[in-house]
Every structure is written in structure tokens, then in C-alpha cells.
Amino acid sequence: MSETRVHLSKTEPAAYEALDAFSKTVGAICAANGIDDRLKEIVMIHCSQLNGCSYCARIHVDRAIAVGLDADTLTQIPTWRESGVFSERERAALELAEAFTHISDGGVSDEVYDRVGGVFTEKEYAALSWACVSINAFNRIVIAGRYPVPARAPKVQG
């Protein structure tokens, strides 16, 4: 994907800055409503993976590592249904992330809403929902603009 596209954050920075401020508000809502960084980053990564957004996936994998997620857990996110490494809360959050990311497939079904609502309080559900809205918005901006994800320089062993 070497084609250059309009970089929305540079072309119309006010809108991007508003989205960034929204994202920070969502982060504060998550923290205030009992959604820890580990859970939030798992959701951000999964939404980004589902959307095919390598740029955002990289950012959130880096953040997940910074808050203590290990390689095994990170590699299990795409196959969470078959994996035993996720807690009931994480599994519910991953299911909600899928429903929000694939919202055009009938919205958040009653079954998903009831399952997820049986695990999370109303405030937690709302916080996770806003997190899904936020990352899905960023994914769309980045994918449409084909933001580059260059290879990283190899780490020097010291």
C-alpha cells in the first residue's frame, strides 16, 4: 500500500483533535467506571484486528505490553472463543467489541446484550461501548487514509 492518500489528521486537524479529545474522555470514562487498561487494550486491539487496521493494532499492542499483557495473551485475542486465557469479563468485552465492530450485521443482538450485560454493570457496559465507538472511528480514518506501518528497526541486543 504505497499509494498516498489524504491524511485527514493533517488536512483537517480540528476534527482529528476533537476525535483525540473524545478518545481521552472515553479513556477517563473507562477508568472511572472500572474498566482497567488491560481490558480496554484487549478491546482496542480486537476491534483494530477485525477492521484490518494494522496501524491502530500496533499502537494498542504497544500499550497493552506497557500495561503488562504478555505475548501469549496477545496472540490469543483473534481466537478468544477457543482460548482459555481470558476471564469472563474479557470474553464478554471481546464479544461486545465484535458486535460494535460489525454493527451493520444487525446491531448488538439481544443475546449479546444480555450476555454482556450479565457480566458488566451499566456503567462498565457504557464505558466499553464508548471505547468500541472510539477505536472504530480511528480505524476508519487510518484505513481510509492508508496510514503507513513501517517495519521496525531490529532491537540491538545488549
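**Note on a predicted helical model**

1. Arginine 152 counts as partly exposed, because its relative accessibility is 48%. Exposed would need over 50%. Keep this residue in mind. Please bear in mind too that this is a predicted model.

2. What does arginine 152 pair with? Its side chain meets that of aspartate 62 in a salt bridge, with 2.4 Å from N to O. Arginine 152 sits in the segment after helix H8 (122-145), while aspartate 62 belongs to helix H4 (residues 54-66). The pair therefore ties together parts that are 90 residues apart in sequence. Aspartate 62 is partly exposed as well, since its relative accessible area is 34%.

3. Now the whole chain. It has eight helices and zero strands. Read along the sequence, the pattern is α-α-α-α-α-α-α-α. The radius of gyration is 16 Å, and the globule rule gives 15 Å for 158 residues. Those values are close, so the chain is as compact as a globular protein of that length. Along the principal axes, the C-alpha trace spans about 45 × 45 × 30 Å.

4. How many salt bridges does a search of the whole structure find? The search finds seven. The arginine 152 and aspartate 62 pair is one of these salt bridges. Two others are described next, in points 5 and 6.

5. Arginine 38 forms a salt bridge with glutamate 90. Their closest N and O atoms are 2.5 Å apart. Look at where the partners sit: arginine 38 is in helix H3 (residues 37-51), and glutamate 90 is in helix H6 (residues 88-101). They are 52 residues apart, so this pair links distant parts of the chain. Is each partner buried or partly exposed? Arginine 38 has 27% relative accessibility, so this residue counts as partly exposed. Glutamate 90 has 7%, which means that this residue counts as buried. The cut-off for buried is under 20% relative accessible area.

6. Helix H6 also holds glutamate 95. This residue forms a salt bridge with arginine 115, and the closest N and O atoms are 2.5 Å apart. Arginine 115 lies in helix H7 (residues 110-117), so the pair ties together parts that are 20 residues apart in sequence. Glutamate 95 counts as buried because its relative accessibility is 12%. Arginine 115 is partly exposed, with a relative accessible area of 45%.

7. Next, packing. Of the 158 residues, 37% count as buried. Consider contacts between residues at least 6 apart in sequence: 73% of them join residues at least 24 apart. The accessible surface comes to about 9,100 Å². Carbon and sulfur atoms account for 56% of that surface.

8. What about charge? The chain has 16 positive and 21 negative charges. The mean positions of the two sets are 7 Å apart.

9. One backbone angle deserves a look. Which residue has a positive phi although it is not a glycine? It is arginine 146, with a phi of about 50°. Most residues other than glycine have a negative phi. Arginine 146 is placed in the segment after H8. With 26% relative accessibility, arginine 146 counts as partly exposed.

Definitions and conventions: Residues are numbered from 1 along each chain as its sequence is written. This is a predicted model: local features need pLDDT of at least 70, side-chain atom pairs count only at pLDDT 80 or more; totals for chains, interfaces and linings use all residues. Side-chain values use heavy atoms; hydrogens and water are left out. A salt bridge is a side-chain nitrogen of Lys or Arg within 4 Å of a carboxyl oxygen of Asp or Glu. Helices (H or I, at least four residues) and strands (E, at least two) are DSSP runs, numbered from the N terminus. Buried means under 20% relative accessible area, exposed over 50%, partly exposed in between (1.4 Å probe, protein chains only). The radius of gyration is taken over C-alpha atoms; the globule rule is 2.2 Å times the number of residues to the power 0.38. Contact means heavy atoms within 4.5 Å. Accessible areas come from the Shrake-Rupley method with a 1.4 Å probe; for residues, only the protein chains shown count as cover. Lys and Arg count as positive and Asp and Glu as negative; His and the chain ends are not counted. The place of a charge is taken as NZ of Lys, CZ of Arg, CG of Asp or CD of Glu.
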